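Q: I am new to this structure and would like a careful, close look at one part of it. Please start from a single residue and then widen the view to its surroundings.

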Amino acid sequence: MGKRRGDGDPLGRLRVATFNVNSLRSRLPILERWLLQGEVDVLGLQETKVEDRSFPEDFFRDRGYEVIFRGQKAYNGVAVASRLPMTEVAFGFGDGESPGDEPRMVRCTVGGMKIINSYVPQGKALDHPDYAYKLRFFQRLRALLERDHRPEDFVLWMGDLNVVPTDRDVTHPENKRQHVCVHEGVRMALEDVLSWGLEDVFRRHRPGDGEFSFWDYRVPRALERNIGWRIDHFFATSPLARASTGAFVERELRREERPSDHTAVVADFSL
DNA sequence: ATGGTCGACTCTCGA
């Protein structure tokens, strides 16, 4: 017998994806072919790089998705497209600290699932103010979880989180100890969020090495040589992680002509 | 290899 939520019918199977598109409008041909397969129910996007007045709403609506978005010119921007109704939509942290982070943070509810889609600041360098902002971003996420959620609920934090959780999640980690996505400081910041009660959904299903979501444009033939980083993630509360049935990297999207430097990562749930 | 390549936009930055 399937697990029943308290507030309605069970969702059944739900496929969720996260994709840093590095400019939504330049990636529409890839999204077109991908969404045409009709298998993605909820899609979190990051780095849309489009102002709200120019957001291609019709593209999603014409393909059966509701869409919520907050972006700016040239940088940042997040969106969620969903085939199921989205409620409780909110941008930013709602903590009054920094309204400028709205294009990096969107929350919504789909069925009984509380979704947090983030584009965590990359940080530039360990001694750069943006890195302090990045660490603070994780702290504020922890505070948001404590304020608005419970580890017993179905909570999913996903997105380009710009952190390599373990040495197995990047090629040549020994050369990257001072990198803002690898340094022990950012890993501790992530761990502090996860200790609230979140689990790596991808690793639950895929324990092997060499699975990445980002390959640097500047490394020659990085995809073919599989020199990459796993920085796009799904972190779920225990009940939701237990309801996950699989996860995988959509590697083919990265092979397409004019791809993003990231590719999509997919997680399946049976709720 | 402090290189390399994209995308948006300005002659440079962010990743």
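Is E47 buried or exposed, and how many other C-beta atoms lie within 10 Å?

A: The model is predicted, so local features are given for pLDDT of at least 70 and side-chain atom pairs for pLDDT 80 or more, while totals for chains, interfaces and linings use all residues. Residues are numbered from 1 along each chain as its sequence is written, and chains are lettered from A and ligands numbered from 1 in the order in which they are written.

E47 is buried, because 24 other C-beta atoms lie within 10 Å; here a residue is buried with 20 or more such neighbours, exposed with 12 or fewer and partly exposed in between, with C-beta atoms placed from the backbone. Its phi is near 55 degrees, which is positive in a residue other than glycine. Most residues other than glycine have a negative phi. E47 belongs to the loop that runs between β2 and α2 (57-61), where helices (H or I, at least four residues) and strands (E, at least two) are DSSP runs numbered from the N terminus.

The strand before this loop, β2 (residues 42-46), runs parallel to β1 (residues 13-20), and five bridges join the two. Within this pair, V16 stands opposite V42 in β2. The strands β1 and β2 belong to an open sheet of six strands, ordered β3-β4-β2-β1-β12-β11 and with mixed pairing, where two strands pair if DSSP finds at least two bridges between them. At the edges stand β3 (66-70) and β11 (244-250), each with a single partner strand, so one side of each has no neighbour in the sheet.

A second open sheet of six strands follows the order β5-β6-β7-β8-β10-β9, with mixed pairing. Its edge strands are β5 (86-91) and β9 (198-200), each of which pairs on one side only. Between β5 and β6 (residues 105-110), which run antiparallel, there are four bridges, and F91 is placed opposite V106 in β6.

From the sheets the view can turn to the interior. The largest nonpolar core, a set of buried Ala, Val, Leu, Ile, Met, Phe, Trp, Tyr and Cys residues joined through C-beta atoms within 7 Å, has 78 residues, and those with the most contacts inside it are V80, L156, F234, A236 and L240. Helix α3 (residues 129-148) gives the most to this core, contributing five residues. For F234, leaving aside neighbours within four places in sequence, the contacts include T18, L156, M158 and V265, a contact being two C-beta atoms, placed from the backbone, within 7 Å.

Another buried loop residue is V163, which has 25 other C-beta atoms within 10 Å and lies between β8 (155-160) and α4 (184-194). Not counting residues up to four places away in sequence, V163 touches V120, C181, V186, R187, L190 and I231. From V163 to R206 there are 43 residues in sequence and 18 Å in space, C-alpha to C-alpha.

A useful contrast to E47 is R221, whose phi is near 50 degrees, a positive value in a residue other than glycine. R221 sits in the loop between α5 (201-205) and α6 (222-225), but R221 counts as exposed because it has 9 C-beta neighbours inside 10 Å, whereas E47 is buried.
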